[in-house]
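Here are my comments on the model, set out as numbered points for your consideration.

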4 protein chains.
Amino acid sequence: MSSASLTPRKAPRQARAVATVEAIAQAATQLLRENGLAAMTTNAVAARAGVSIGSLYQYFPNRDALMVELIRREQRGHVERVRAALVLCEELDLEATVRLLVRAAMGHHRADALLASAIDHEEARLPVDAIIAETLAEGGALLMHLFSRFRDEIGPLDPARAARTLPALVRSVVDAWANLAQSELEVAEEEAVQAVLGYLCIYRRLAA
Amino acid sequence: MSSASLTPRKAPRQARAVATVEAIAQAATQLLRENGLAAMTTNAVAARAGVSIGSLYQYFPNRDALMVELIRREQRGHVERVRAALVLCEELDLEATVRLLVRAAMGHHRADALLASAIDHEEARLPVDAIIAETLAEGGALLMHLFSRFRDEIGPLDPARAARTLPALVRSVVDAWANLAQSELEVAEEEAVQAVLGYLCIYRRLAA
Amino acid sequence: MSSASLTPRKAPRQARAVATVEAIAQAATQLLRENGLAAMTTNAVAARAGVSIGSLYQYFPNRDALMVELIRREQRGHVERVRAALVLCEELDLEATVRLLVRAAMGHHRADALLASAIDHEEARLPVDAIIAETLAEGGALLMHLFSRFRDEIGPLDPARAARTLPALVRSVVDAWANLAQSELEVAEEEAVQAVLGYLCIYRRLAA
Amino acid sequence: MSSASLTPRKAPRQARAVATVEAIAQAATQLLRENGLAAMTTNAVAARAGVSIGSLYQYFPNRDALMVELIRREQRGHVERVRAALVLCEELDLEATVRLLVRAAMGHHRADALLASAIDHEEARLPVDAIIAETLAEGGALLMHLFSRFRDEIGPLDPARAARTLPALVRSVVDAWANLAQSELEVAEEEAVQAVLGYLCIYRRLAA
DNA sequence: TATGAATGAGTGTTCATTCAT
DNA sequence: CATGAATGAACACTCATTCAT
């Protein structure tokens, strides 16, 4: 439909340029979080970032290209957060590990419902399959490593499938229980953990 | 923020007025499905519905009010679809029942990723808590009735929790596998069924 | 410019029709008083009057025709108010008479700044010269009668001129001191009386 | 009611920006003068000014803000015109001075009835008390200086009152006689001069 | 006659994008 | 390279007016 490129117009070479791109991405994320898609106008982003609108267009050929960059960063953030969590739980058992991963996801999504659903909608609209595929590949690798530790407890799983299903599962449960009072967050965590453990079929093996 | 009402401006009294409101809602849904939030402009909706823009504003005081009506219809649709499916599977066992419910959800969501995420984002932005609460209550009642049939096979569940968690769970898995080739739809169905059955702890009882 | 007639579409013959026209004029005046020109939409007038928009257009061919009717009523009201006041002050001396007339004008204009300026602006825009000429003629006759009572105290005046100048003079002073606290209304009255008496040259004769 | 700011959105920094703002204000005044409030649409203003509608909104956050700017200019214009006239009549006697001031006001108002009543109506609707107060203060100072020259001829006056009453008085008389044929303009001038001199009580002193 | 659903040109306003400086 | 003034298509929404019922 639109023939305009969605890739950044040029890679920032100088340090100052890197900082500019960083400021733009940060500003866009803030605006998205605070007031949703409608608030992320290119002029507002430039103003919040402290750069001129002209500069923004130096680095991003159009609004969608900026959006794609945000999606890229969000995806990378997901992977890194999981990678970090996995380091922390190398000694833990399966349930504790799952609980820790769920808690990490919750900490990120709670009160960010607007940002999350905004990015979701733009993911559905923009051609970002390649970016998501990359995330899935990296996530799959991480999960494969994790599953190998618990291969005796969980059912027979296809890591490629699980890498796609599990994050969605966690996110949806967290979202569904999102804007709750602090006192009920434990319920959300419990539900998510139960869903994940259930999906992992830990009881099926026991039953066999 | 905005003090404008989000309730319909007036109820259609004459028959042709009912048809007008219906056409508007249909047109809005179509546009959302085809090109996302940005395509659902009030003028485009009126044009697609074959009515004048003035007529749209006779019944909806603003764009958000129309959006709220779409959310209301979507929620009601979810409930009715589940209610219908439950009638069809009164004789089936648990796994078959779950599979049928999942299939119903898939039929609706496949290729509707844009519509779904659009409505999601607007739900996060608009004050529709009351509408969602009503859906949860009705859905909870339906599930409670369903669970009673399988009380010997599933783990101990809080129906109020399950009414919130289960639909989110199905939807997210379906969404995550949404824009796939026909050949892989079976995978999506398999994943969703496994997630639901896992959440329902059917294997835990076997293990006991 | 616009060739549409500004005269009422038809004289109301039945009693019910008279009541309808009356209700419409009342409603329009209320809306003008409350929120100015922008609030006097034909639909709002019909709703406030409790008649359908179709009925409004039965009696007034367009919005300007309604506006002209309001101007006509306002002008007639001015004349009648002066006529009534003159009856009350047949025994009073000049200054007391002027004060009474000023007070009548003030009672009418205070807190009606929006209505007054709205009608003013429409008078400037619409072809209502004939209506205003009629008012001036009637007002001139009244003043001539009044002046004859005080012919020994006031300077040589052309009643035709005075009929145009004096009302404007009173109104402007009242307007200029309009939205004042109750405590300062006396000041406004004093200023208006002084202006009128000054214009009437009562001191010139004394000086002669 | 409306919380939107009525102050200019940003001060023009570059020279061409100053020209843009000036062109917008000029165009708005022209349209008001020619066809009244209804003609002063933002799009018409931009077109007449020869700038894009976007440029108008760079400098004025909304239509009312532009209107406020026009009121500000009108008020400032009144003051400056009086100030200029006062310089010209430093040698003249009281009646000649008044006549000159009245003539200045007439030159401005004649054939501008639409502009004047439009601004009047908007002054009644918009929160411009501060602007008007400033005008009154400056005008009062000018009058005080003028009165001191004629303190022996005029009655005892409160300059603060006179600063409010006198301009209103002149304006209303001029307005009342506004759309007259050239031949009758002398009448209007005569009436206004008589009203002002009368208000100033010049004959009262003679009578004492 | 009275009704009110329907109309659509026209309003105020926004915002992605360009380009002269 | 950076700036920010300028652009104008497109948006949400209004309202005088018509006309089938």
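1. I begin with a pair in chain C, bearing in mind throughout that this is a predicted model. Glu22(C) and Arg73(C) form a salt bridge in which the closest N and O atoms are 3.1 Å apart. Because Glu22(C) belongs to helix H1 (residues 15–35) of chain C and Arg73(C) to helix H4 (residues 63–88) of chain C, the pair ties together parts that are 51 residues apart in sequence. Glu22(C) is partly exposed, with a relative accessible area of 31%, and Arg73(C) is likewise partly exposed, at 29%.

2. A second salt bridge in chain C joins the side chains of Arg103(C) and Glu189(C), with an N to O distance of 2.9 Å. Arg103(C) lies in helix H5 (residues 94–109) of chain C and Glu189(C) in helix H9 (residues 185–199) of chain C, so this pair ties together parts that are 86 residues apart in sequence. Glu189(C) has a relative accessible area of 11% and therefore counts as buried, the cut-off being under 20%.

3. In chain A, the side chains of Arg76(A) and Glu138(A) meet in a salt bridge at 3.7 Å, N to O. The pair links distant parts of the chain, with Arg76(A) in helix H4 (residues 63–88) and Glu138(A) in helix H7 (residues 129–149) of chain A, 62 residues apart. Arg76(A) is partly exposed, with a relative accessible area of 42%, and Glu138(A) is partly exposed, with 23%. Both residues belong to a network of salt bridges that also links Glu80(A), Arg83(A) and Glu134(A). Over all chains, the count comes to 68 salt bridges.

4. Turning to the DNA, 35 residues lie around strand E, and those that come nearest are Thr42(A), Lys10(B), Tyr59(B), Thr42(D) and Arg63(D). The residues of this surface divide into 11 nonpolar, 18 polar and six charged. Of the atoms of DNA strand E within 4 Å of the protein, 60% belong to sugar or phosphate, and the rest to bases.

5. Three polar contacts with DNA strand E may be worth inspecting individually. A polar backbone atom of Thr42(A) is 2.5 Å from a phosphate oxygen of the strand, whereas for Ser55(B) a polar side-chain atom lies 3.0 Å from a phosphate oxygen. Gly54(C) has a polar backbone atom 3.5 Å from a base nitrogen of DNA strand E. Among the elements that give two or more residues to the surface near this strand are helix H2 (42–49) of chain A, helix H3 (53–59) of chain B and helix H3 (53–59) of chain C.

Key: Residues numbered from 1 in each chain as written. Chains lettered and ligands numbered in written order. Predicted model: local features only at pLDDT ≥ 70, side-chain atom pairs only at ≥ 80, totals over all residues. Heavy atoms only, no water. Near = heavy atom within 4 Å. Polar contact = N/O pair within 3.5 Å; in protein donor to acceptor, adjacent residues only side chain to side chain. Helix = DSSP H or I, 4+ residues; strand = E, 2+ residues; numbered from the N terminus. Nonpolar A, V, L, I, M, F, W, Y, C, P; charged D, E, K, R; others polar. Salt bridge = Lys/Arg side-chain N within 4 Å of Asp/Glu carboxyl O. Buried < 20%, exposed > 50% of the residue type's maximum accessible area, 1.4 Å probe, protein only.
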